[in-house]
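Colleague: I am still learning to read structures, and I would like to take a careful look at one topic, the pairing of charged side chains. Could you walk me through the salt bridges slowly?

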Amino acid sequence: MAEEVKLFKTWSTPFGLRVVWALKLKGIQYDAIDEDLSNKSALLLQYNPVYKKVPVLVHNGKPISESLVILEYIDETWKQNPILPQDPLEKARERFWAKFNDEKLLPSIWGVFTKEGKEREEAIADSLENLQFVEEELTGKKFFGGEKIGLADLVFGWLAYLICVFEEVTGLKIIDERFPLLLAWIQEFSELPIIKDNFPPHDKLIIRYQAFYEKYHPAK
Amino acid sequence: MSKEELVILDCWVSPFCMRVKIALSEKGLEYEARAEDLFGGKSDLLLNSNPIYKKVPVFLHNAKPLCESTIIVNYIDETWSSPPLLPPCSYGRAQARFWADFIDKKVFDAGGNIWRSKGEAPVEAKREFIEILKQLEEALGDKDFFSGDTFGFVDIIAIPLTSWFYAIEKLGNFKVEDECPIFSAWMKRCLKRESVAKVLPDPEKVYEFVIMFRKMQGIE
């Protein structure tokens, strides 16, 4: 049976991009449907009634939601270029870091972007602590997955193209020389063709996040 | 083959620890549960094994630490394959992971909005809690367990949280059985299993714990 793979996403969502990277890494043909989140399609609402969010992967008519669930599904279904190791302990480690990114690191950095005053100071402190944990995890490794990229690299991948946007818009340095391994990882990761060829356009991201920033920090 | 050493750093009232103990029990595995004093002072072993979150459960397999209950349950399932906790096909597994993630994101916090509230529990908090259980009822449908006829992964992730429901019901002044009969029937089915019955604490004791915890936090 011919495979039919569709991916509902937006041009800018980092959660959708990690799925794009996984599909490209495995050479899977798919149709990309870019949603307008202010006017969600009937199909998206039908495929993800619980959250009504992107990304949603639809494989031969069957929908899967939540990016980490989608990534595991892709890895189990298409075995070439695996993003998770075979060893259960190593697999648990990849999953741990993926969860850490989504539950701790990303929210803390988003807090630096959106908050003000004392709350921003706290977000900065949290972010630095979280980044330090990530820095330590890279000790002796080229990628989080070792010699090749894996699940954790794809999930941390937003750091490679979005941190510079946040830094430009806020005027704050978020990943500085205190994190040499992370900076080296960003360099290595960004040089991979399937990664950089799919980065959203930088100038479009600047416009988008500038608009967000003004919303969170209205001129007094 | 040398004997496996399985240890869980544990707290009797933590639903997250209960998940790990149920999974080990389902696999017929012997383990040592070491009680942590979460208020008096966490052990060095806990702080060294889980430096990022400093939380229970920590599962030590031949002294190698694993953290985060859902990740631990996955590890147990992958390391000791019989009986399998996840369904055999990729799509079924994706559905199971989706619902486990939903339960993780929603249930405990929604319950917390009721048992942590000062005075009478807000109507909105009760409405949200019931709504979440109703979504789980839809996921159950007319199946005995979340993935079908067999007790498995999603049931293990969900059932420990229900040990706090008596406390939530008393403080919220409602009954889950009245509002969500399908979910209630599923709870009773799970409680018949030996692995669940021997691990879940007496709901009265959980209620006493919650009352004590509220006093400690200055909630009246």
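What follows is a connected account of the salt bridges, with a short look at a charged patch at the end.

Modeller: Please keep in mind from the start that this is a predicted model. As background, side chains of opposite charge can pair when their charged atoms come close. Counted over all chains, there are 27 salt bridges, and I will go through a few of them in turn.

Let us begin in chain A, where the side chains of A:Arg95 and A:Glu72 meet in a salt bridge with an N to O distance of 2.7 Å. This pair links distant parts of the chain, since A:Arg95 belongs to helix 4 (residues 88–114) of chain A and A:Glu72 to helix 3 (residues 67–77) of chain A, and the two are 23 residues apart. Both A:Arg95 and A:Glu72 are buried.

In chain B, the side chains of B:Asp144 and B:Arg189 form a salt bridge at 3.9 Å, N to O. Because B:Asp144 lies in the loop between helix 5 (123–140) and helix 6 (153–158) of chain B, while B:Arg189 lies in helix 9 (residues 181–191) of chain B, the pair ties together parts that are 45 residues apart in sequence. With a relative accessible area of 35%, B:Asp144 is partly exposed, and B:Arg189, at 26% relative accessibility, also counts as partly exposed.

Helix 9 of chain B also holds B:Lys188, whose side chain meets that of B:Glu177 in a salt bridge of 2.7 Å, N to O. Here the link again joins distant parts of the chain, for B:Glu177 sits in helix 8 (residues 176–179) of chain B, 11 residues apart from B:Lys188. The relative accessibility of B:Lys188 is 45%, so this residue counts as partly exposed, and B:Glu177 is partly exposed with a relative accessible area of 44%.

Salt bridges can also share partners, and in this way A:Glu72, A:Glu76, A:Lys91, A:Arg95, B:Glu78, B:Arg93 and B:Arg97 are joined into one network. The buried pair described at the beginning, A:Arg95 and A:Glu72, therefore belongs to a network with members from chain A and chain B.

Finally, charge also appears in another arrangement, as A:Lys104, B:Lys42, B:Lys54 and B:Lys55 gather in a patch of positive charge on the surface. One of these residues, B:Lys42, is placed in the loop between strand 2 (32–35) and helix 2 (44–49) of chain B, and with a relative accessible area of 32% B:Lys42 is partly exposed.

Definitions and conventions
Residues are numbered from 1 along each chain as its sequence is written. Chains are lettered from A and ligands numbered from 1 in the order in which they are written. This is a predicted model: local features need pLDDT of at least 70, side-chain atom pairs count only at pLDDT 80 or more; totals for chains, interfaces and linings use all residues. Side-chain values use heavy atoms; hydrogens and water are left out. Patches are made of residues with over 30% relative accessible area and no salt bridge: like charges are joined within 9 Å, nonpolar side chains (Val, Leu, Ile, Met, Phe, Trp, Tyr) within 5 Å. Accessible areas come from the Shrake-Rupley method with a 1.4 Å probe; for residues, only the protein chains shown count as cover. A salt bridge is a side-chain nitrogen of Lys or Arg within 4 Å of a carboxyl oxygen of Asp or Glu. Lys and Arg count as positive and Asp and Glu as negative; His and the chain ends are not counted. The place of a charge is taken as NZ of Lys, CZ of Arg, CG of Asp or CD of Glu. Helices (H or I, at least four residues) and strands (E, at least two) are DSSP runs, numbered from the N terminus. Buried means under 20% relative accessible area, exposed over 50%, partly exposed in between (1.4 Å probe, protein chains only).
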